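Visitor: I would like to learn how to read the features of a structure like this one. Please show it, and we can go through the features in turn.

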Amino acid sequence: MEAQLKDLFSRIHQQFGTGPGLGTGTGTCLLKVNDLSPSFIKSIYKALAAMYRTDPWKRVRPNNLFGFRVGKDSDLSAKRQLYPCAQFIGGDGGDLGIHLFKSEQDGLRVTGLMESKFVPNVEVLRVVFEKEALLFGVNKRMVCSLSLEGSGSEKYYPIVDVARCDSKGGGIRFRDPNLEELRYLYAFIKAITLVHPLLQIQENDKNEKSAKFEAFIETVDVDFPAELAGEIVAVTISYPPNQTYEEKQSISKFSNSNSSPIKYLEPPKEEEEFLGVRKCELCEKSIQIDQTLSCARCKSVIYCGPTCQKNHWKEAHKNLCALYKSMMDREEELILKIFKFNFVVENPCKWLESMGLHKKGIWRRICACFNHYPFGLLPINNNDNFEIWGGLDGREIPSNNTLYKTGNSNPGFLSSWSEYYNIRNLPLSSPVSVILSHPLTIYYILTTLVISTKNRLIKGKDVILHYLGPAVELDWLQTFCEMAHLLNGSGNLKIYMIGPEIPTNLIGLVPNLTNKLRINLVRGLYQDQFTNLPSPHLIIGLNCDLESCSSWNGVIGVIKGINVPAFFTEKSEILCGNAKRVLRKSGLNLSHPVGPNPFRSPLREKMGSNNLPCFSNGFIFGVNT
């Protein structure tokens with residue numbers, strides 16, 4: 001009887017499916033799709049398995065519709081998007097799957113409170129994950145013959161089809177997807193796998209079952225497999241679907257109800273700012289305190305006077321004002337409000353004085369008072385932890401004792417300052433995060449963003465890291481021991497710091513560190529020195545400002561040639577945009593999109609010619625990942 005009931009429920013499940021989706025499809029074998037090669041089928045299954053491991057259904061619900069665009073922004077208006085709206089189903093229960101719609105309106109019409117609605121003449125490109133035992137015979141044979149990769153520990157296999165509700169009888173009709181539709185599906189899978197972990201739930205939304213996310217948009221480069229000529233396409237994921245980079249049509253957002261498009265094209269009125277000595281965005285002239293002007297609309301760009309402001313508006317700022325305003329609007333979410341000290345820095349010396357740290361210990365590198373000392377040669381006793389931290393109270397600095405004991409959480413899961421301060425029993429009034437941003441950003445990349453290095457550390461193996469262009473951190477090397485404490489005796493970490501700023505007398509192994517951490521200093525350009533170094537598992541450059549120095553071109557060439565994961569940080573979104581252009585020009589495309597670094601410095605810095613949000617190690621992105 002039990003076997004008969006099991007068979008009955010299996011057949012019911014085969015016919016109707018479960019949960020909020022549209023049920024199980026026809027089970028058509030992808031091998032029957034015209035011009036679809038077996039190798040591309042393998043690539044699709046592999047990409048879906050990788051996405052499955054990231055578990056987007058844990059947070060994303062059917063009511064969270066995403067915008068999805070393939071192609072460069074300049075192409076979007078001319079090129080029809082087959083499926084510009086996407087949805088994850090099954091997060092509330094039932095079969096896990098993906099729906100791609102031909103419009104946002106279709107997605108809204110199909111999405112019901114508890115389950116999908118059967119809407120006549122709406123076509124949906126679907127993926128439904130099924131257990132192997134429930135697959136139709138033709139798909140079982142395809143899985144076996146191609147040795148397709150299953151998803152999850154229980155080996156779920158995706159079924160792909162196109163569903164359409166019949167306008168007459170109300171039933172569901174299914175058809176095979178074509179090659180172009182599968183290309184769209186592949187692009188979405190690869191992009192959403194990278195992007196969905198960056199979504200931030202709105203602070204005032206406590207309903208986990210129908211959580212809404214902060215507005216989001218990110219463009220990533222998807223590398224199609226060799227069987228599709230290996231082309232690289234730009235894929236944009238947005239939430240909500242109508243989210244754009246520049247709100248060119250939203251005139252009312254920046255003006256009152258009586259404003260007209262003609263008025264919007266005029267430069268905004270000047271607004272005085274009193275932020276200290278700054279530089280003009282156009283002529284780069286230094287500006288006295290009482291002479292600074294800024295754009296009244298975006299409040300981000302600094303000018304020396306109305307002439308430069310008007311000229312810059314015509315030359316460039318008119319097209320960037322909306323983008324800059326959106327960046328300024330994101331400042332609130334970037335500020336790390338958990339800390340109980342002043343984190344807005346207009347004058348580093350005054351900030352240090354307010355903290356009682358001016359001209360003390362490693363804090364001397366924060367302001368310009370000790371700039372006459374080359375990097376790495378500040379007068380500090382590196383054997384005295386109390387002096388290193390400028391005399392901070394012992395309760396406000398991390399100790400050199402063993403951090404983790406048996407039974408504690410895996411240190412690889414540390415992903416925020418609040419977790420770090422809690423584990424280290426540090427008060428949130430302690431400013432050590434300002435300096436520890438450098439080693440903890442490296443730790444975060446090693447243990448969270450690059451799975452291969454995390455696995456090596458867990459297995460007790462060595463990890464070799466090439467660290468590019470060190471500068472201020474040469475005076476903070478003792479604080480890098482914190483990584484060894486966090487890794488809790490896992491594999492050894494060997495860091496080779498390479499850069500022209502390294503003093504000749506510091507070349508070689510850094511003394512007085514832990515046995516688990518070795519740092520070697522190498523003077524010179526990376527492109528000249530890398531052949532003399534052990535092959536790296538990871539390459540990192542912090543606050544790199546890729547566009548500003550021509551020597552980065554040679555570095556990027558090396559990174560492209562050796563095809564090793566490389567991560568960079570920049571202080572602002574503008575610098576990230578500049579870095580993306582430099583990388584693309586050299587033939588490298590981002591495989592890890594730009595996103596806020598959870599271990600960014602809490603200090604909000606002021607950039608020379610604008611007020612855009614700026615934090616040391618503020619944003620992080622990667623290539624070859």
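**Cysteines, sheets and one histidine**

Guide: Cysteine 367 is buried, at a relative accessible area of 4%. Buried means under 20% relative accessible area, exposed over 50%, and partly exposed in between, with a 1.4 Å probe and protein chains only. This is a predicted model, in which local features need pLDDT of at least 70 and side-chain atom pairs count only at pLDDT 80 or more, while totals for chains, interfaces and linings use all residues. Residues are numbered from 1 along each chain as its sequence is written, and side-chain values use heavy atoms, with hydrogens and water left out.

Visitor: How many disulfides does a search of the whole structure find?

Guide: A disulfide is a pair of cysteine sulfur atoms within 2.5 Å. The search finds zero. Cysteine 367 is in no disulfide, and its nearest cysteine sulfur, that of cysteine 369, lies 3.7 Å away.

Visitor: Is cysteine 144 buried or exposed?

Guide: Cysteine 144 has 54% relative accessibility, so it counts as exposed. Of the 625 residues of the chain, 52% count as buried.

Visitor: What does the secondary structure of the chain come to?

Guide: Helices (H or I, at least four residues) and strands (E, at least two) are DSSP runs, numbered from the N terminus. Here there are 18 helices and 21 strands.

Visitor: How should I read an open sheet of eight strands, and what is its order?

Guide: Strands of a sheet pair through backbone hydrogen bonds, either parallel or antiparallel. Two strands pair if DSSP finds at least two bridges between them. One such sheet has the order E6-E5-E4-E3-E2-E1-E8-E7, with antiparallel pairing. Its edge strands, E6 (172–175) and E7 (216–223), each pair on one side only. The twist averages 30° from one strand to the next. Within this sheet, nine bridges join E4 (residues 123–131) to E5 (residues 156–165) in the antiparallel sense, and phenylalanine 129 has proline 158 in E5 as its bridge partner.

Visitor: Which helix lies across E4, E5, E6 and E7?

Guide: Axes are lines fitted to C-alpha atoms, for helices over the stretch in contact (heavy atoms within 4.5 Å). Angles run from 0 to 180 degrees between N-to-C directions. Helix H6 (residues 179–195) lies across those strands, and also across E1, E2, E3 and E8, running at about 120° to E7.

Visitor: Where is mixed pairing found?

Guide: Another open sheet of eight strands, with the order E16-E17-E15-E14-E18-E19-E21-E20, has mixed pairing. E18 and E19 run parallel, joined by three bridges, whereas E19 (residues 566–570) and E21 (residues 619–623) pair in the antiparallel sense over five.

Visitor: Which way do the residues of E19 point?

Guide: In a regular strand the side chains alternate between the two faces of the sheet. In E19, Ala566, Phe568 and Glu570 point one way, and Phe567 and Thr569 the other way. Five of the five residues of E19 are buried, so the strand is largely enclosed by the rest of the structure.

Visitor: What does histidine 537 touch?

Guide: Histidine 537 sits in the loop between helix H16 (526–529) and strand E18 (538–541), and is partly exposed at 23% relative accessible area. Not counting residues up to four places away in sequence, histidine 537 touches several residues, including Thr453, Asp462 and Pro565. Histidine 537 and proline 565 are 28 residues apart in sequence and 7.2 Å apart in space, C-alpha to C-alpha.
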